[in-house]
Amino acid sequence: MRKWVDRRMRRGIVELRFWVSLGLCLSLALIALVGELDRRGMRTQTRFSMGQAAAEQSAFRPVYRIDANYDEKSDTVTGRMEVTLPKRSEEWKEVYFHLYPNAFRRWQWGEHSKPKEAGYLDVSAVKVNGQKAQTHIDGTVMKLQLPEPLAPDQSARIEMNYQLKLPKGGSRLNAFGRTAFLAQWYPMLAVKDQDGWHTEPYTSVGDPFYTRISDFEVTFRVPEGYRLITSADDRSEPVKGEVTLRQENIRDFAAVITKDYEVIKGKADDVEVNLWYQKGMEREAKALHRAAISAMRFFGSQFGPYPYREVDVVLGETGYGIAGMEYPGLVTSIPKYPTREGERPAVNVVAHELAHQWWYGVVGNNQVKEPWLDEGLTTFSELLYMHDQVGEDQREFLVRAAKVSDEIHEKEGVTSVEPLYKYSDSIYGLMVYTRPAAMLWELMDEIGKEKVLEILRTYYDRYKFQVATTEDFIRVANEVAGKDLTPFFNRWLFFKGDIRKAG
Ligand SMILES: [Zn+2]
């Protein structure tokens, strides 16, 4: 994501413009729709030539089948959801789901960002392999007690009914005009890894979401005249009654159901790039569509190919303080942002959110535990695009931001590698976005731009469709640089030691 403005930055240092686009970034990734064969497990090849390996891998991904009936009058989506659990390396006694929309039931994060109307996600009739199961819901987390423990090789199908009420004026998840923004809108399987189940609650700082690569089949039923913009390869014409969309190898499935948007279509090499806009945004829409195409090309050439067929950019407000947000294959952005010279198309926000397709979408990380990893790499990517393709030099800004983050660390003891909950809104962007971006910019001086790009390419290739950690990133950097950069990263990320000893 990208936020609007950081108070501390505004006070002392900075150019508003940079902050304006710091928003939430979700990236939606899309994989090719592989057709009927896939559904039977006889996978054909995808853009990464997965073939047989993918077929084997898919057993290790959750598979979601969601039925979604949208009612425009009540701002609700109701239906049934089925999740086939991935293969496990150990016995499971319980399973956790995130019910993020429940954050909007009783908003706890201040009046300024409170939705005008509450929203929620209710579930009922939960079954495991056809057997009734007990659930316990605490805020945004649901614990499901399995009727009997699941052995590692035992397959398990969890089914439930759900009812989603969209908040009005919510963050990311929102009903606005004749548009429903569906973000983190279905019960999302929590991640279990070496640290156990990740059941961290929602918070309004950062993007408090962590999911694994999954496969989706979503059937939407919408009233006449509505269009669907989703994480899958969608059609742009209005839906006639019902449509089933499938997408594999994505972390999340977002959707926008709308009667308010028009589309501009285009291509970045063989990736379809759709820009969705409302009346009154025509000028920005054209400029941002061009920017989106050039950003997709630029990131693809610098970091490695975008593995899906299509990406959607949706212009509009995404919630309080949020300039843009990333989902697999779908991003949102405000149409324009203010600068000292006046308002301009929000090219940096679009570039930022699209860069998340690489950092968050394809290479995942735990955004709750170490949010710097996707936001830092994404902010660096955004600045690189703005520098190389738009001719904007933010070097001075980065130097000043690095100094201020040193001061913040001295006063508050917080580093750039902390869980979301450790940051207040006012320092989050600086510590998690800007300082790591300044670090990578500095690294270009230390080891050369080509080496830094090679680090990013190697990291992308090695961790695509997986979850990477700070340690993984540093390991790749050391390997590619051919020397121990640990002192450099210790100084920049953990505020340890002297930066001049680096390299
Ligand atoms: Zn971001």
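## Helix 10 and helix 11

The crossing of helix 10 and helix 11 is right-handed. This holds for a predicted model, and every value in this report is computed from it. Helix 10 covers residues 449-463 and helix 11 covers residues 470-481; their axes come within 9 Å and cross at roughly 130°. Angles over 115 degrees and up to 145 are classed as oblique, and the two helices are therefore oblique to each other.

Residues from both helices form the contact. Helix 10 contributes Lys451, Glu454, Ile455, Thr458, Tyr459, Arg462 and Tyr463. From helix 11 come Asp472, Phe473, Val476, Ala477, Val480 and Ala481.

## The chain as a whole

The chain has 503 residues, of which 49% are buried. Its secondary structure comprises 12 helices and 28 strands. Among the contacts in the chain with a separation of 6 or more, 67% join residues that are 24 or more positions apart.

## Helix 9

Helix 9 runs over residues 425-447. Its 23 residues, at 1.5 Å a residue, should span 33 Å, and because the C-alpha atoms at its ends are 33 Å apart, the expected and modelled spans agree. The helix nevertheless contains a kink of about 30° at threonine 434, shortly before proline 436.

Most of helix 9 is covered, with 18 of its 23 residues buried. Just after the helix comes glycine 448, which takes a positive phi of about 100°.

## Positive phi outside glycine

Most residues other than glycine have a negative phi. Alanine 125 has instead a positive phi, near 50°. This alanine is found in strand 6, which covers residues 120-128. Is alanine 125 buried or exposed? Alanine 125 is exposed, because 11 other C-beta atoms lie within 10 Å, and a residue counts as exposed at 12 or fewer.

Phenylalanine 465 is also not a glycine, and its phi is positive at about 65°. Where does phenylalanine 465 lie? Its place is in the loop between helix 10 and strand 28, the latter covering 467-468. Phenylalanine 465 has 22 C-beta neighbours inside 10 Å and therefore counts as buried, the threshold being 20 or more. In short, alanine 125 is exposed, whereas phenylalanine 465 is buried.

Key
Residues are numbered from 1 along each chain as its sequence is written. This is a predicted model: local features need pLDDT of at least 70, side-chain atom pairs count only at pLDDT 80 or more; totals for chains, interfaces and linings use all residues. Helices (H or I, at least four residues) and strands (E, at least two) are DSSP runs, numbered from the N terminus. The expected span of a helix is 1.5 Å times one less than its number of residues. The bend at a residue is the angle between axes fitted to the seven residues ending there and the seven starting there. Axes are lines fitted to C-alpha atoms, for helices over the stretch in contact, and angles run from 0 to 180 degrees between N-to-C directions. Angles under 35 degrees count as roughly parallel, over 145 as roughly antiparallel, 65 to 115 as roughly perpendicular and the rest as oblique. A crossing is left-handed if the near helix is turned anticlockwise from the far one by less than a right angle, and right-handed if clockwise. Two residues are in contact if their C-beta atoms, placed from the backbone, lie within 7 Å.
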